[in-house]
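Work through the exercises below with the model open. Each task is followed by a stepwise solution.

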Amino acid sequence: MSTRRVTKQQFADGTTIDGNRIEVALRDIEEIADRVPAGLIANRFTQTQISMGFQPVLSGAANWKQPWMTFQNSIASEAENTFRVKGSGAVTHANPYDVSDWSLWEVSLQRSHPVILDSFDLFMVQDPGGSGGQAYYMPGGSPSPYIPPNVRDLQMFVLVDNPFLPEDRAQASMVVHKADFDSDAWLFTPNPSAPVVSDMLPPHPGGSISGWSVRISNLRVPLAPYSRVRFVIAIPQYDSPGPGQTNWGLQPWRTFAPSASVTLLEPNTDG
Amino acid sequence: MAKIGFRRLSRGVKFLIEHFYTQIDKALSRFTEAQVLPEDMEQGYSRFSIDFSWGSIQTDLGESGLGSAAFTLPPPQERFQPDGVTSLYDAVYTLESVCASFDQRAEAAAIEADGDLSFDEKDNVAIKIDIWKRRMVTFGGTSDMNDASLVLSLELPNLGFLADKSGLRTNPQVLTGMSEVFDPYSSYVLVVTAPFAPSSVLLDAPNLLVSLNFKAPIIEVDKADDVLHHKVQNMPQVPDLPAGAQYGATYTSPVSADTPAADALIVADSVPGDSGIQGSIELVDNAIKSGLNAGRSMFSRRFGAEGLMYQAGYDVIAVPMWGNGWFVSGATASGDLPYVGIGPGTDPTCDRRIIPIKFPFVVHHVMAYYNYGWNRVTAASFEQQVGVGIGTGERSDSYSYRQVAHATWTGTSYGANVIDRFTGPDVYAAAGVGGDILNIPLVHDATVTGVGYDASVSPALADQGPPFYVGKTNSQDAVRSPAANTPGGAFVAMPSIDGREQFLEVRWSMHDPVLGMYGQAAGETAIGRGGHWVYIIGKKHLC
């Protein structure tokens, strides 16, 4: 046996045990007990959850697309980053060239201390049961009960800017890229006709919940202090008739009410 | 806690049991029984941030775009002073840094209202962040913002947004070194103006995020069976722990050294009845070498016998509601509201946010900020409701909810829940900053209440339930402490959800069956620019 953390002093029968060494050992223990080092706290992080989301405008302002911004900057002659997010071409659905453009919901943040990225979760809520006749649903979904169509063209990204060329998006580090997945695997519920067992107040006029819940959890990605992190959700836009446009319609940003959540684990700090 | 205070072994002093074994037991007691307090930790503070996320902040012609949010930071219920009189136990929240960002489409350009890049208007890109401190109406303050004080004003200058690809744009940007202490019994008004106001083009700051990063001392965890700390609802039972620790109380596994007789020979190695010098030090080493346990896992489990007395951190989750360009005032609406039907829109409408449950959280307060600019809606038929619930059934075929907090108010009864209200200050007059902070009471049994605001201001403010536990568990911990489902109702078991919690849902509904949502009086605002906010305030745990 030996001591590993509290002191370097080791004692054994048959060797000298002098007062000076015992004093050193006790002082080492005292220093730790009176000011426990951060590294000796096994659980020294707490979560921080950043809640984001909005209710899309449905019809009043016909072109109100905010906060979805277009993916390609090449249309502007002065633009330097032709494509804002690298890797979006990884989608292998039926015909990726049908996608006219991607619409991005991008939120970025920076912390002055190290953090651990735990989760990036997206809830795309659809609820076509509104009595007012205006609601969030995809044209390609099945009616009565509504279930959204299975699509493979939804993408989620977490990117960290390059520390030396932070404004060059081609140099960014791709930390997370979720793409090319069947959305049917992430249905909020496959049985939207089932009534809620016990609802909460206030009642939601949309009726039964539907849509997708895409969770990217347990990431445990360490982020260095001052990292510039970008959380991006991409939905496709199809200008030409075809299966994609049938599913999403001409204004895909109006087909769901999004909630997104970023969970960080932040270390304790000193006073 | 006092320092451990070892005795010194001066030369020539006879070496006694007290010189060693008694001291070792002091250290063992601190690590395995009495537990370590935050002041005896190198890092005794936890971090929390209030993150304000706006979908879109747009300019009007000649005016800056504007987003606002008012909030307060009430301490956890066991430390809360209903009359707002400060005490020795008041929490101290220190603002350390502020982060701001928006989606600039990766270019040194402004974003026009339709989302296009505008290199011509890039000189107008800038952000200004102001935080005002108010004495709340509940505690005797006035609604006049001229009585407020500006505690923080940050300008993120235009030059920071203009660098080309080889340079550095300060977007996102974190500004450090604030060290501004926030008062738990004041309210704060955050006002963000962005971008500056050109005269001919509408600009936008899409996906604006402002994070206020705080630190606060680590605090005690909640215990469901402790009268002093109030009865926590929905706390999972951990049946394999000692009875006294099954509902949240910390538990320890005390270790002490075997002390020899006073005149026994001092030895290094352990022998029966004597841990020895080396053996005693090893006991201390064993107690800490894997780290002191504290807090909760994501499934609400302990990590083992606990070495820290305080294992929780203060936390605020700011939830944006109706915050994406909606401006519903009088008959004016930037886009038709969902669900309300054709004008004047007499069906109810509702916005909801979903927040996944990751690590356990205990809700102590829920607050709402009703952002109406200059004038709130006064019609008696105009009803608003805010609710927070726990949901289950995600990616499943049967879903259910349990209520955590709920309030209803109308254009005439709104005052019952208000803890603060203000309009102005005049520097933002053109766009209008103003609103109410409302207390949304937690659910509770009629006979078991929590600690609310002072009833002398409004009886409704004292209507507060005990804290409410929100966390996942494995099956063996599915049994929960009693929880109600409405404020002032009764404890009710809900087997459809108890032990299966997956997410928090926040709803904000509005309904005027008489006048309709677009039938309000001119100038009366149902949704101000930047939308409303709901704050879920409580404790998170070390993990």
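**Exercise 1. Place Ser280(B) in its helix and describe its surroundings.**

Step 1. Ser280(B) sits in helix α2 of chain B. Helices (H or I, at least four residues) and strands (E, at least two) are DSSP runs, numbered from the N terminus. This is a predicted model, where local features need pLDDT of at least 70, side-chain atom pairs count only at pLDDT 80 or more, and totals for chains, interfaces and linings use all residues. Residues are numbered from 1 along each chain as its sequence is written, chains are lettered from A and ligands numbered from 1 in the order in which they are written, and side-chain values use heavy atoms, with hydrogens and water left out.

Step 2. Check accessibility. Ser280(B) has a relative accessible area of 0%, so Ser280(B) is buried. Buried means under 20% relative accessible area, exposed over 50%, partly exposed in between (1.4 Å probe, protein chains only).

Step 3. List the neighbours. Not counting residues up to four places away in sequence, Ser280(B) touches Phe20(B), Tyr21(B), Ile24(B), Ala257(B) and Ser275(B). Contact means heavy atoms within 4.5 Å.

**Exercise 2. Test the length of α2(B), then find what encloses this helix.**

Step 1. The helix covers residues 277-288 of chain B, twelve residues. The expected span of a helix is 1.5 Å times one less than its number of residues. That gives 16 Å for α2(B), and the end C-alpha atoms are 17 Å apart, which agrees.

Step 2. Nine of the twelve residues are buried, so α2(B) is largely enclosed by the rest of the structure. Among them are Ile277(B), Ile281(B), Glu282(B), Asp285(B) and Ile288(B).

Step 3. Find the packing partners. The buried residues of α2(B) pack against α1 of chain A together with α1 (17-32) of chain B.

**Exercise 3. Describe the interface between chain A and chain B.**

Step 1. Count residues. On the chain A side 132 residues are in contact with 143 residues of chain B.

Step 2. Take the area. About 11900 Å² is buried between the two chains, with carbon and sulfur atoms giving 54%. Buried area is the accessible area (1.4 Å probe) that two parts lose on being put together, summed over both. In chain A, Asn43(A), Gln55(A) and Met200(A) lose the most area to chain B, together 6% of what that side buries.

Step 3. Count polar links. The interface of chain A and chain B has 71 residue pairs in polar contact (both at pLDDT 80 or more). A polar contact is a pair of N or O atoms within 3.5 Å; within protein, one must be able to donate a hydrogen and the other to accept it, and residues adjacent in sequence count only if both atoms are side-chain atoms.

Step 4. Find the main contributor. α1(A) gives the largest share of the side of chain A that touches chain B, twelve residues. That side divides into 59 nonpolar, 46 polar and 27 charged residues. Ala, Val, Leu, Ile, Met, Phe, Trp, Tyr, Cys and Pro count as nonpolar, Asp, Glu, Lys and Arg as charged, and the others, Gly among them, as polar.

**Exercise 4. Which residues does the side chain of Glu394(B) meet in polar contact?**

Step 1. Locate the residue. Glu394(B) lies in the loop between β16 (383-392) and β17 (400-410) of chain B. Glu394(B) is buried, at a relative accessible area of 5%.

Step 2. Read the pairs. The Glu394(B) side chain makes a polar contact of 2.2 Å with that of Ser213(A). Another, of 2.7 Å, goes to the side chain of Arg215(A).

Step 3. Widen the view. Leaving aside neighbours within four places in sequence, the contacts of Glu394(B) include Phe123(A), Phe188(A) and Phe503(B).

**Exercise 5. Compare salt bridges across and within chains.**

Step 1. Start with the totals. There are 37 salt bridges over all chains, and nine between chain A and chain B. A salt bridge is a side-chain nitrogen of Lys or Arg within 4 Å of a carboxyl oxygen of Asp or Glu.

Step 2. Cross the interface. Asp127(A) and Arg352(B) pair at 3.2 Å, N to O. The pair runs from the loop between β4 and β5 (155-160) of chain A to strand β14 (residues 349-356) of chain B. Both Asp127(A) and Arg352(B) are buried.

Step 3. Stay within chain A. Arg152(A) and Asp180(A) pair at 3.1 Å, N to O. Arg152(A) lies in the loop between β4 and β5 and Asp180(A) in the loop between β6 (173-178) and β7, so the pair ties together parts that are 28 residues apart in sequence. Arg152(A) is partly exposed at 28%, and Asp180(A) is partly exposed at 23%.
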